[in-house]
Amino acid sequence: EKGGYEHFMLKEMYEQPKAVTDTFSPRIKGNDIVIEELGMTDEEIRAIRKIMIVACGSAYHAGVTSKYVFEGMARIPVEVDVASEYRYRDPIIDEGTLVVIISQSGETADSLAALRESKARGARVLGIVNVVGSSIAREADNVMYTWAGPEIAVATTKAYSCQLIAMYLLAMKFAKVRGQVTENEMKRYIEDMKRLPDQIELLLNNQNRIQKFANRYLAARDVFFIGRGIDYAISMEGSLKLKEISYIHSEAYAAGELKHGTISLIEEGTLVAAVLTQEDLYKKMISNMVEVRTRGAFVLAVTNEGNDEVERAADYVIYIPETNQYFTNSLAIIPLQLFGYYISVGRGCDVDKPRNLAKSVTVE
Ligand code: F6R
């Protein structure tokens, strides 16, 4: 059932190129994005004034990435919240709000409650769901499925990657209808999307190098993930992947926040993983990396091919292939997933079934 892989998590990471392809290909028609299941006319899409993304855990992290993509590409204000907070905070939403609930299982109790709360307040609810016919899929006004296939490992990998793709497609659709992208930009996004599966494959094939690196950090006590903008979102997901399956304490920080307190935790040898895929923020990130390195941190960088400048501020660099500024998280997450996985394996943890966790959280 694991198809020759040692763990479901590894198998599912390797299924990502296919899962991602299955999620975008039915929705790309020539140079256009067609999402029939969205059930919205162009007029309705233009009438949306705010997008409210609600989810838990990794799905929430996919939501945080999407905020940057939606705002950048489609110029619509986006709020993101974790479902357990959202449902109790009297959120300001109305008929002009599109609420997007992201969930792999479609059964997460808080996400389902957030969906019901949103509908009761008159908002339109779109579910981004992996399990067909699940509660969230049934109760949402519309459902856009992620076609990741069954995910068994508790730590999500392929479903998360497909959530990103679904949200990119949605942002592209909204950007087009609202006149925020040119034909050429759209063509370029579609080309970039079609290249993602091979690029993911390439990064997966880098596993030996990442395993070797991970083996040096099996005894780490704390790991910090830092990034800015969209890279802050990926840092959160990288940090969760590591801590949930390896039991090593890790945290994600917006890199500029370090000096407001957290930098006091950096000691000789502390591992800091820095993600920098946004060209306009390279310089800022590099200066944050230098700051932690000066205090003894060992800096692992995940950055774009061609950013050679990074070498002067990092001890170890993983390069990701070229894509546009909005899709980088789909590539940067791969080495971080592999890193979490190999640390967990190296420490002898139960990779697929980490302690205290359940695949689907159906209680509050
Ligand atoms: C982490 C992980 C969880 C889930 C979260 C939401 O690897 O899998 O954080 O993302 O429990 O679950 P779903 O997406 O089923 O609502």
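The protein chain of this predicted model is built from 13 helices and twelve strands. Its C-alpha atoms fit into a box of roughly 55 × 45 × 40 Å along the principal axes. The overall dimensions hold no surprise: a compact globule of 364 residues would have a radius of gyration near 21 Å, and the protein chain comes out at 20 Å, so the two agree.

Next comes the ligand. The space it takes up is the largest pocket. Around the ligand there are 14 residues, and those that come nearest are S103, Q104, S105, T108 and E244. Sorted by class, this shell is a mix of seven polar, five nonpolar and two charged residues. Two helices deserve a mention here, since helix 4 (57-74) and helix 11 (230-246) each provide at least two residues of the shell.

A few polar contacts can be picked out one by one. E244, already listed among the nearest residues, has a polar side-chain atom 2.6 Å from an oxygen atom of the ligand. S105, also on that list, places an N or O atom of its side chain 2.7 Å from a ligand oxygen. With T156 the backbone is involved: one of its backbone N or O atoms sits 3.0 Å from an oxygen atom of the ligand. As for how well the ligand is covered, it exposes 400 Å² when taken alone, and the protein buries 89% of that area.

Terms used. Residues are numbered from 1 along each chain as its sequence is written. This is a predicted model: local features need pLDDT of at least 70, side-chain atom pairs count only at pLDDT 80 or more; totals for chains, interfaces and linings use all residues. Side-chain values use heavy atoms; hydrogens and water are left out. A residue is near a molecule or strand if one of its heavy atoms lies within 4 Å of it. A polar contact is a pair of N or O atoms within 3.5 Å; within protein, one must be able to donate a hydrogen and the other to accept it, and residues adjacent in sequence count only if both atoms are side-chain atoms. Accessible areas come from the Shrake-Rupley method with a 1.4 Å probe; for residues, only the protein chains shown count as cover. On a 1 Å grid over the protein atoms alone, a cavity is a set of points where a 1.4 Å probe fits but cannot get out, and a pocket is an open set with protein on both sides within 12 Å along at least five of seven lines; lining residues have an atom within 4 Å of a point. A molecule sits in a cavity or pocket if more than half of its atoms lie within 2 Å of its grid points. Helices (H or I, at least four residues) and strands (E, at least two) are DSSP runs, numbered from the N terminus. Ala, Val, Leu, Ile, Met, Phe, Trp, Tyr, Cys and Pro count as nonpolar, Asp, Glu, Lys and Arg as charged, and the others, Gly among them, as polar. The radius of gyration is taken over C-alpha atoms; the globule rule is 2.2 Å times the number of residues to the power 0.38.
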